[in-house]
Amino acid sequence: MKNTDLLTLIAFAKNKNQKAQTQLINLFWVDVFSFVMKKVQDEYVADELTVSVFSKVLAKLDLFDPNFQFKTWILTIAQNSIIDYWRKKSRENEDSTDNFDGFKNHLALSPEELLISEEDQKQILSIIESLDSNYKDIIQLRFFEEKSIKEIAEEQNITVANTKVRIMRAKKLLAELLRNKEFDD
């Protein structure tokens with residue numbers, strides 16, 4: 001397709017012409033899908049990301065500068081979407097309970113250690129009680145009631161992302177308070 005024809009097609013697509021938008025998507029679908037597939041190596045994920053890329057492309061057509069190649073612009077959006085995907089994936093794969101479970105296991109290594117650490121546990125619970133109610137509730141739901149992040153989000157009426165952030169912050173705050181607190185022997 002000639003550059004002038006492509007620019008005309010882009011202009012129609014900017015004006016929400018559905019045929020032009022569909023033609024634009026069809027014109028670059030294989031390029032974007034192939035690019036994404038090389039990076040994620042999962043056909044389902046590549047398909048989902050490609051749909052997302054074209055959704056962004058159509059929403060941001062006003063930002064396209066005709067002095068640059070349209071394909072390069074689209075592939076840049078695809079690259080950024082792939083980066084976002086991998087960031088999100090790595091955050092999802094992090095087990096937000098790792099540190100706390102290790103801490104709980106450390107306290108419960110043996111019956112003797114349980115008896116010895118009973119006072120420490122009381123102090124830990126006291127520290128948890130002193131936290132801001134948002135953090136206290138998150139810790140209670142996640143680590144004592146062992147609810148999933150999704151269940152907590154629904155119960156607290158917040159997003160899953162916000163729930164993950166609150167859990168992370170609560171863990172960091174609790175860890176800091178525990179580090180600063182010296183337990184009696």
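**Entry 1: two helices to begin with**

I began with α3 and α4, which are oblique to each other, because their packing angle of about 125° falls outside the ranges that count as roughly parallel, roughly perpendicular or roughly antiparallel. I noted that this is a predicted model, and I kept that in mind for the entries that follow. The axes of α3 and α4 lie 9 Å apart, and I recorded that α3 passes α4 in a right-handed crossing. When I looked up which residues meet there, I found V45, L49, V53, F54, K56 and V57 on the side of α3, and on the side of α4 a list that includes F70, W73, I74, I77 and A78.

**Entry 2: the whole protein**

I then stepped back and looked at the secondary structure, which comes to ten helices and zero strands, so that every element I read from the N terminus on is written as α. Of the 185 residues of the protein, I found that 32% count as buried. The protein exposes about 12,500 Å², and I noted that carbon and sulfur atoms supply 50% of this area. I also looked at contacts between residues at least 6 apart in sequence, and 53% of these join residues at least 24 apart.

**Entry 3: the cores**

Which residues touch the most other members of the largest nonpolar core? I found L24, V36, V57, L61, F70, W73 and I74, in a core of 27 residues. The elements that give two or more residues to this core are α1 (3–14), α2, α3 (43–59) and α4 (70–93). I went back to my first entry at this point, since V57 of α3 and F70, W73 and I74 of α4 are also among the residues that meet where those two helices pack.

I followed V36 a little further, leaving out residues up to four places away in sequence, and found that V36 touches Q41, A46, L49, T50, A78 and I82. I also wrote down that there is a second, separate core of 15 residues, which includes I124, I138, L141 and I152.

**Entry 4: a glutamine in α2**

I looked up Q21, which has its place in helix α2 (residues 18–40), and asked myself whether Q21 is buried or exposed. The relative accessibility of Q21 is 14%, so Q21 counts as buried, the cut-off being under 20%. Setting aside the neighbours within four places in sequence, I found Q21 in contact with A13, K16 and L58.

**Entry 5: α8 and its two partners**

Next I turned to helix α8 (residues 133–144), which packs against helix α9 (residues 149–156) at an angle of about 140°, with the axes 10 Å apart. This angle makes α8 oblique to α9, and I noted that α8 passes α9 in a right-handed crossing. In α8 the residues D137, I138, L141 and R142 meet I149, I152, E155 and Q156 in α9, and I138, L141 and I152 were already on my page as members of the second core.

With α10 I found another angle, since α8 and α10 pack at about 100° with their axes 9 Å apart, and that makes α8 roughly perpendicular to α10. The residues of α8 that make this contact are N134, Y135, I138, I139, R142 and F143, while those of α10 include T163, R166, I167 and L174.

I then picked out F143, which is found in helix α8. F143 is buried, with a relative accessible area of 4%. F143 and I167 are 24 residues apart in sequence, and from C-alpha to C-alpha I read 9.9 Å in space.

**Entry 6: two loop residues with positive phi**

Before checking backbone angles, I reminded myself that most residues other than glycine have a negative phi. Where in the chain does Q41, which has a positive phi of about 50° although it is not a glycine, have its place? I found Q41 in the loop between α2 and α3, where it is exposed, with a relative accessible area of 66%. Q41 had also appeared earlier in my list of the residues that V36 touches.

My last look-up was N157, a residue other than glycine with a positive phi near 60°. N157 has its place in the loop between α9 and α10 (160–180), and N157 is exposed, with a relative accessible area of 70%.

Methods
Residues are numbered from 1 along each chain as its sequence is written. This is a predicted model: local features need pLDDT of at least 70, side-chain atom pairs count only at pLDDT 80 or more; totals for chains, interfaces and linings use all residues. Side-chain values use heavy atoms; hydrogens and water are left out. Helices (H or I, at least four residues) and strands (E, at least two) are DSSP runs, numbered from the N terminus. Buried means under 20% relative accessible area, exposed over 50%, partly exposed in between (1.4 Å probe, protein chains only). Contact means heavy atoms within 4.5 Å. Accessible areas come from the Shrake-Rupley method with a 1.4 Å probe; for residues, only the protein chains shown count as cover. A nonpolar core is a set of buried Ala, Val, Leu, Ile, Met, Phe, Trp, Tyr and Cys residues joined through side-chain atoms within 4.5 Å. Axes are lines fitted to C-alpha atoms, for helices over the stretch in contact, and angles run from 0 to 180 degrees between N-to-C directions. Angles under 35 degrees count as roughly parallel, over 145 as roughly antiparallel, 65 to 115 as roughly perpendicular and the rest as oblique. A crossing is left-handed if the near helix is turned anticlockwise from the far one by less than a right angle, and right-handed if clockwise.
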